[in-house]
Amino acid sequence: METQEEVVSVELPAPPTWKKMSFRQCESYVSALTEGTEKENAEEKGTEPTVEVEGQAENGVQTEEVGKEEEKGNPSPEQFEVAKEAKQAEPTIVDKPVEESAAEKVPEINQNGKDIISDTAVKVPELSESKKDDTPSEKVADTNEAVSMEATDSAVNKNLTENGNVDQKGQSQTDAPQHPAPSASGRIQGSVYLSVARTILFYKWTDLSFNCHLSSSAILTTRLMGFSSHVLWLLLIFSVMYSHVQLPKVNTYPAVFTVEAFIGTYGVNYGRLADNLPQPESVVTLLKANRIRNIRLYDADHDVLKAFSGSGIEIIVGLGNESLKDISVAEDRAMTWIKENVQAFLPDTRIVGIAVGNEILAGTSPDIWEALLPAAKNVYAALNRLNLTRTIEVSSPNSEAVFQNSYPPSSCEFKEDVLVYMKPLLQFFSQIGSAFYINAYPFLAYKSDPEHIKLNYAIFLPNEGITDPKTNLHYDNMFFAQIDAAYFALEKAGFSKMRVIVSETGWSSKGDSDEAGANEENARTYNKNMRKILLKKKGTPYKPKSPIRAYIFALFNEDRKSGPTSERNFGLFKPDGSTAYKIGFTGLVPSSASAPSALSLKVFGAQSFYSLVLTACLSTEFITQLVVAQTVHVVGDDLGWTLPPGGANVYTNWAARKQFEVGDILTFNFDTDNHDVQQVKQPSFESCITLDTIGDDITTGPSNITLITTGPHYYICTVGSHCLAGQKVLINVRSPMSGDATSPSTAPIPTTSSTASSPV
C-alpha cells in the first residue's frame, strides 16, 4: 500500500547580507536550497541517485565523446559486476526525518552570506568541467553571470529523473552512463522549479512583500508537496512571461499592479466649505439615488467616512496641503495619518485613493513644492507596509497652471520651473502605477478670454471647432483639447503611457458682472453634455480608445468659499438638497423650478383654501389617469430601437398603428453604447440637432419611459447621424378619459429606470 508523503514546510533564516546580494547570488542561494531539499527527499525514500548527462538521448542512448560511435543497449555482465561492487563499497546512509535532515542541512548552506556565495562558486567549475567532458563541442561562458546561470540550471536539473528520484549526495556523477536519460516531464519539472525561484525573486525585487527568505521556504514546501501537471504548466508560462525581464538591483516601485480608483467614468467632488449642507447620511442617499459611485473628498472627515460605510461608493480622501511638510519628514508620520484616517474605516468604507495635496505645483509656495514628492513617497511606503498598495492609489491633482502653453494641444509642455519638481514626481507615479490627475476648466479659460474663445466651443454646442496643425486632429470642444494637451505634455516629459484622469471640471451657475459665461443656462448645458459624454465612455481625438474619466466640481454650492461669486456656485445641487438645474438628477427635495404645487401655491396664495382644493383635484385626476391606462408599447416591435432599414417611415408607420394614452409605457430596446434616446422639442426633431432637449439623455438600454402628459412627444437617437437616417419617432398621447388627442402640453422627462415613472 502506498503511503502519502508528509508535507513539511521548513523555515530557513535569511542570510545577514541578503539585502546587499545581487539577483544572481540570491538565485544561486535558492537553487542550492532546492538541491538540498531534493537530496533530503531522496534520503527519506532511499532511492538511487540519477543524473542528467549532456548529450544523452531521450531513448537512453549515451554519447560519450565527439567522434566516437554511439553505444546502445544494456551494459555487459562485466560492467554490471563492476557497478555492483562499487555500489556495495558506498557508505550506508541512515534515513532521517525530513525536519532533522533539513535542520542539519541549513547550517551548511546558511552559515553566512559569504559562505553561501563561496559554496556555490566552488561547484561552478566542477559542473562546468563535467559539461566540457560530455560535450566538448560546447563552450562554457567566461563571465561570472553566465557561469552562475549554468551552475544554477544544472543544480536544479541534474537531480530530476523520470520517476522523481533524487541524488542523495547532490553531486554530479558523469561517470555513470548506465542511468537512463530523464524524460521530457523530468526536464520540464527541473526548469519549472528554477523558474519558480526566478519568478519569486523577481517579485522580491519589485518590492511586493516577497523576500528570499520566504521564497526559499516556499520552494521547499512546494518541492515536498509535489505539483500537478496543470500547476507545472502554469508556472512554466509565468517563467516565459518573465524570462526577458531585466531585474533592477535598486529599490524601485515598478508598476506591476495598476490601481483603478474609479468605477465607470463619472464622479463628483464632495466639497464641504459651507455651513448649510445636508448631513453626510443624506448625501449618501442623494448619491445612490442618482447612481453616482465615485466621489473625491478634500479631507478625511471621520463623520463622512462613517456615513459612507457599506454604501459601495468609492472614495478618494485628501491629504491637505497644510499637512504635506509634516508628512514629508518621516514615514512614521504618514503611517499614523493612514491608520487614523484610512485603515480605521476599511473595508466597510471603500477608500480607493489618497490625493496628496491639491494643485501644489505652480499653485503654492516653492517650499511646499519640495515637500510634495517625499510626502507622496512616505504615504505610499506606509500603505505598502500595511499591504494596501493594491487597493489604494496615491496621486496629486494639478491645475492647468503647470503647463507653459496648451494651444494647440500638441504644443503643450510643462513649465521649466515646474518640470524640475514634476518630472521626479511623475517618475514615482509611473513606477507605482498612478495616473496623472488634472483640474480642467473650460469655464475658466472662457471667462479669461471671451473675445477669442467661442462659448459653444466651451460648452459642447455645435461649432466649427479647431484643428491642430501638427497632428491634424480636429477638436469640437475645449474639454477634449485640454485633456489631449496633458497627454502631449506627459509624452514630451517621457511618460507617454501614463493615464490622465480629470480630478475637477465644472461650470458656475452664477458669477459677478465681470465673469463671462457664469449663468445657470451655461452651467446646465455644460454639465448635461459632460455627463452624456462620460456615460458614453468616449475618448479624445488623440486617445480615442481611452474613455475619459472625470470628477465634476462640485456636488453642492458652498457658501463659505472665498473668491469671486462663481466660486460659491459650482454645485449640481443646492445646500437644501434640491437640484440647481435640470440635467436628469433627482434632489432630496423638489426644486422650485420643477414643483407645480409650489407654483400653484404662489399664484393663488399659500393659505388659500381654493389652491389646496385645486391641487387635490389635479392630483386625483392624474392618479386616476395613471390607473386607467397601463399599456406597454415596445418601440418598433421586433425591430427595436435601431437604425431603421426603411428610413423614418418605419417608426412613423409603427406609431400610426398604435394608440398612446397617459399612463402608457414606451420601451426602447437598444444596445448600450450603440444607441441612445433623447426627448426633444419639434424643431430639434425635424432638424436632428439637439438644441432643445427635454430631460436627460438615456444611454443604457433597454429603458422604459412612462407617458404622463398629453400631446406630441418627440424622441430621437443622438448617436452619429442616426437621427438623419430615420431613428426618431413621434408619439401623440391622448387622455384616457377622451377618445381624441388633446392639445400639446409640457412633455415628460424620460427615466432610465425599468419600472419607475419619469420625474416631473
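Here are some worked exercises on the predicted model shown above.

**Exercise 1. Which stretches have pLDDT under 50, and what is the mean pLDDT of the protein chain?**

Solution. Start with the whole chain: the mean pLDDT is 73, and 57% of the residues reach 70 or more. Next, look for weak spots. Residues 48-73 stay under 50 throughout, and the model has 58 contacts beyond four places in sequence for them. Residues 245-252 also stay under 50, with eight such contacts. Finally, a caution: where pLDDT is low, the predicted coordinates should not be read in detail.

**Exercise 2. Give an overview of the fold: how many helices and strands are there, and what share of residues is buried?**

Solution. Count the secondary structure to get 22 helices and 21 strands. Then turn to burial: 49% of the 760 residues in the protein chain are buried. For the surface, the accessible area comes to about 36800 Å², and carbon and sulfur atoms account for 52% of that. Last, check how far contacts reach: of those between residues at least 6 apart in sequence, 72% join residues at least 24 apart.

**Exercise 3. Work through strand β9: which residues lie on each side, and are they buried or exposed?**

Solution. First, recall that in a regular strand the side chains alternate between the two faces of the sheet. Now apply this to β9 (residues 436-439): F436 and I438 are on one side, Y437 and N439 on the other. All four are buried, and both faces of the strand are covered.

Then find the partner strands. β6 (residues 398-399) runs parallel to β9, joined by two bridges, and S399 has N439 as its bridge partner. β12 also pairs with β9 in the parallel sense, this time over four bridges. Here F436 is matched with V500.

**Exercise 4. Compare two aromatic pairs: what is the geometry of W507 with Y526, and of W641 with F668?**

Solution. The total count is 27 aromatic pairs. Take W507 and Y526: their ring centres are 5.4 Å apart with 40° between the planes, which makes the pair tilted. W507 sits in the loop between β12 (500-505) and α18 (520-535), while Y526 is in helix α18, 19 residues away. Both residues are buried.

Now W641 and F668: 5.1 Å centre to centre and 85° between the planes, hence edge-to-face. W641 is in the loop between β14 (632-634) and α21 (649-656), and F668 is in strand β16 (residues 665-668), so this pair ties together parts 27 residues apart in sequence. W641 is buried, at 1% relative accessible area, and F668 is buried at 1% as well.

One more step: see what W507 and Y526 belong to. Ring pairs link them into a cluster that includes Y298, Y441, F443 and F570.

**Exercise 5. Which lysines lie over the rings of Y487 and F685?**

Solution. For Y487, look over the face of the ring: K543 is there, 5.3 Å from the ring centre. For F685, the charged end of K728 sits over the ring, 4.9 Å from its centre.

**Exercise 6. What is the strand order in the open sheet of five strands, and why does each edge strand have a side without a neighbour?**

Solution. Read off the order: β15-β21-β20-β17-β18, with mixed pairing. β15 (660-661) and β18 (693-698) are at the edges and have a single partner strand each, so one side of each lacks a neighbour in the sheet. To check one edge, follow β15: it pairs with β21 (residues 728-734) in the parallel sense over two bridges, and F660 stands opposite V733 in β21.

Conventions
Residues are numbered from 1 along each chain as its sequence is written. This is a predicted model: local features need pLDDT of at least 70, side-chain atom pairs count only at pLDDT 80 or more; totals for chains, interfaces and linings use all residues. Side-chain values use heavy atoms; hydrogens and water are left out. pLDDT is the predictor's confidence in each residue, from 0 to 100. Contact means heavy atoms within 4.5 Å. Rings of Phe, Tyr and Trp (its six-membered ring) pair if their centres lie within 6.5 Å; planes under 30 degrees apart count as stacked, over 60 as edge-to-face and the rest as tilted. Buried means under 20% relative accessible area, exposed over 50%, partly exposed in between (1.4 Å probe, protein chains only). A charge sits over a ring if NZ of Lys or CZ of Arg is within 6 Å of the ring centre and within 35 degrees of the ring normal. Two strands pair if DSSP finds at least two bridges between them. Accessible areas come from the Shrake-Rupley method with a 1.4 Å probe; for residues, only the protein chains shown count as cover.
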